[in-house]
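The following exercises ask the reader to work through a structure by inspection and short reasoning. Each task is followed by a stepwise solution.

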Amino acid sequence: MNRKQLIIIIYIILVVFSIMYATQPLQPLLAKEFEINIIQASQFTAVIMFSLAIAPIIYGYVLETICPKKMLIYSSMILLVTNLVLSSSNSYEMFLIIRIIESVIIPAIITSCMSILANSDKQNVKYNMAIYVAATVFGGMVGRVISGIIATHFGWRSVFLSLSVALFVALFFIQKLKFEGDTQLTKAKIKDVIEILTDRRFILIYLLMFTTFFVFAGLLNILPFRMKELIPDATETQIGLLYLGYGMGIIVSLLSKKIIKILKGEQNTILVGGLIFCIVNFAFFSDNMLFVFFMVFLFCVGMFMVHSVSTGIANSIKKSQKSLTSGMYLTFYYIGGAVGSIIPAMIYHTFGWNVVLSIFIIILIIIYSIFFRFRKDFDN
């Protein structure tokens with residue numbers, strides 16, 4: 001894959017992940033606009049998380065063999081239209097329905113991009129996948145930060161109009177991609193799934209990431225409401241800047257091999273990342289939003305230390321069925337994110353911030369204690 005092709009794919013990923021997370025810093029504003037509560041506003045992000053969770057399973061049965069370039073073109077065109085509709089939405093129901101449609105389309109675009117990266121240059125698959133992960137993290141950060149800035153100065157509708165323009169540009173670039181192969185999507189057989197889930201190592205690593213992303217998505221999802229609670233006059237720009245720490249995921253992901261070497265092993269890296277992740281939750285009890293802003297950086301360091309290593313472990317336990325084991329990893333990961341985008345919001349709405357944090361800390365201590373107890377299972 002030449003540099004031009006790689007840049008096009010990276011740009012598409014940046015735009016798509018920006019669309020995924022653009023609603024997060026806008027949730028307090030959208031809640032006010034549509035006269036809804038925090039739980040309903042959280043659904044705008046949760047529906048996409050849920051679709052990403054089931055996509056590795058469902059798409060294998062629905063799409064089977066398909067040209068990823070064609071899927072990329074048609075999906076991007078639909079996403080362009082839905083974003084234009086979002087910008088003119090006048091009700092919560094309309095906005096949510098369009099986000100549900102987008103939640104079906106976005107996994108198709110992501111699957112196409114991953115397929116093109118994996119099959120265009122088979123000599124550099126690991127490098128291309130590392131670039132892909134970094135692009136998704138950067139897209140998540142940019143989507144949150146930029147949407148906050150645009151909403152502050154031009155209104156929330158301009159956010160989705162801007163993303164539509166970015167998608168229109170992406171469609172122009174997609175035409176220049178030189179890839180006409182097919183994508184063979186794996187069908188998940190029940191027998192194979194059961195076999196994987198009877199292996200304690202898979203259960204442990206899947207539950208570890210489910211819990212970790214549950215807490216990560218949950219906290220970042222309700223953080224804008226917490227900021228509004230402490231600083232009622234906070235702008236969407238200020239809320240968006242809270243997510244700058246998300247960029248630490250790029251650094252941690254790209255340096256994961258060196259971090260593993262320094263900490264002398266993957267298990268140690270997971271435990272140190274989990275310890276950082278858990279301890280930082282105590283810092284969020286603070287009412288000082290400037291302090292919370294800096295703690296988000298450490299929060300993301302801990303999260304991506306665990307995530308970057310867990311991904312590798314999940315793909316290395318079995319020599320065969322790597323597509324299925326990695327697909328199941330993503331399923332547990334994004335279900336954790338989907339549930340984390342709703343349940344903590346419900347708890348926060350009913351019981352408040354301190355109760356949410358206390359629950360986060362308890363479940364993190366439990367899951368990382370279990371991992372510590374069975375860590376030697378991964379030595380073989």
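A pocket is here an open set of grid points with protein on both sides within 12 Å along at least five of seven lines, and a volume is the space filled by probe spheres set on the points. The model is predicted.

**Exercise 1. Describe the second largest pocket by its volume, its lining and the helices that supply the lining.**

Solution.
Step 1. The second largest pocket holds about 190 Å³ of space.
Step 2. Its lining consists of 15 residues, and those closest to the centre are Ser-18, Val-142, Gly-143, Ile-146 and Leu-163.
Step 3. At least two lining residues come from each of helix 1 (3–21), helix 6 (125–154) and helix 7 (156–174). The greatest contribution to this lining is that of helix 6, with 6 residues.
Step 4. Sorted by class, the lining comprises 11 nonpolar and 4 polar residues, with no charged residues.

**Exercise 2. Determine how many cavities of 30 Å³ or more there are, and characterise the lining of the largest cavity.**

Solution.
Step 1. The count is 1 cavity of 30 Å³ or more.
Step 2. The volume of the largest cavity is about 30 Å³.
Step 3. The residues lining the largest cavity are Tyr-21, Gln-24, Met-49, Arg-144, Phe-213, Phe-216, Ala-217, Leu-220 and Tyr-246.
Step 4. Helix 9 gives the most to this lining, with 4 residues.
Step 5. The classes in the lining are 7 nonpolar, 1 polar and 1 charged.

**Exercise 3. Identify the residues with the most contacts inside the largest nonpolar core, and trace the contacts of Phe-216 beyond its sequence neighbours.**

Solution.
Step 1. The largest nonpolar core contains 128 residues, and Phe-216 and Phe-284 have the most contacts inside it.
Step 2. Helix 9 (residues 200–230) provides the largest share of this core, 17 residues.
Step 3. With neighbours within four places in sequence set aside, Phe-216 is in contact with Tyr-246, Phe-277, Phe-299, Cys-300, Met-303 and Phe-304.
Step 4. Phe-216 and Tyr-246 also appear among the residues lining the largest cavity.
Step 5. As general background, nonpolar side chains in soluble globular proteins tend to be buried together.

**Exercise 4. Count the disulfides, and explain why Cys-278 and Cys-300 are not bonded to each other.**

Solution.
Step 1. A disulfide requires a pair of cysteine sulfur atoms within 2.5 Å.
Step 2. Under this criterion the count is 0 disulfides.
Step 3. The cysteine sulfur closest to that of Cys-278 belongs to Cys-300 and lies 16 Å away, so the separation is too far for a bond.
Step 4. Likewise, Cys-300 is in no disulfide, its nearest cysteine sulfur being that of Cys-278 at 16 Å.
Step 5. Cys-278 counts as buried at 10% relative accessibility, and Cys-300 counts as buried at 0%.

**Exercise 5. Locate Glu-35 and Lys-264, each with a positive phi, and decide whether each is buried or exposed.**

Solution.
Step 1. Glu-35 is not a glycine, yet its phi is positive, at about 55°. Glu-35 is placed in the loop between helix 2 (27–34) and helix 3 (38–62).
Step 2. The relative accessible area of Glu-35 is 75%, and therefore Glu-35 is exposed, the cut-off being over 50%.
Step 3. Lys-264, also not a glycine, has a positive phi of about 60°. Its place is in the loop between helix 12 (256–262) and helix 13 (266–283).
Step 4. With a relative accessibility of 73%, Lys-264 counts as exposed.

Conventions
Residues are numbered from 1 along each chain as its sequence is written. This is a predicted model: local features need pLDDT of at least 70, side-chain atom pairs count only at pLDDT 80 or more; totals for chains, interfaces and linings use all residues. Side-chain values use heavy atoms; hydrogens and water are left out. A nonpolar core is a set of buried Ala, Val, Leu, Ile, Met, Phe, Trp, Tyr and Cys residues joined through side-chain atoms within 4.5 Å. Buried means under 20% relative accessible area, exposed over 50%, partly exposed in between (1.4 Å probe, protein chains only). Contact means heavy atoms within 4.5 Å. On a 1 Å grid over the protein atoms alone, a cavity is a set of points where a 1.4 Å probe fits but cannot get out, and a pocket is an open set with protein on both sides within 12 Å along at least five of seven lines; lining residues have an atom within 4 Å of a point. Ala, Val, Leu, Ile, Met, Phe, Trp, Tyr, Cys and Pro count as nonpolar, Asp, Glu, Lys and Arg as charged, and the others, Gly among them, as polar.
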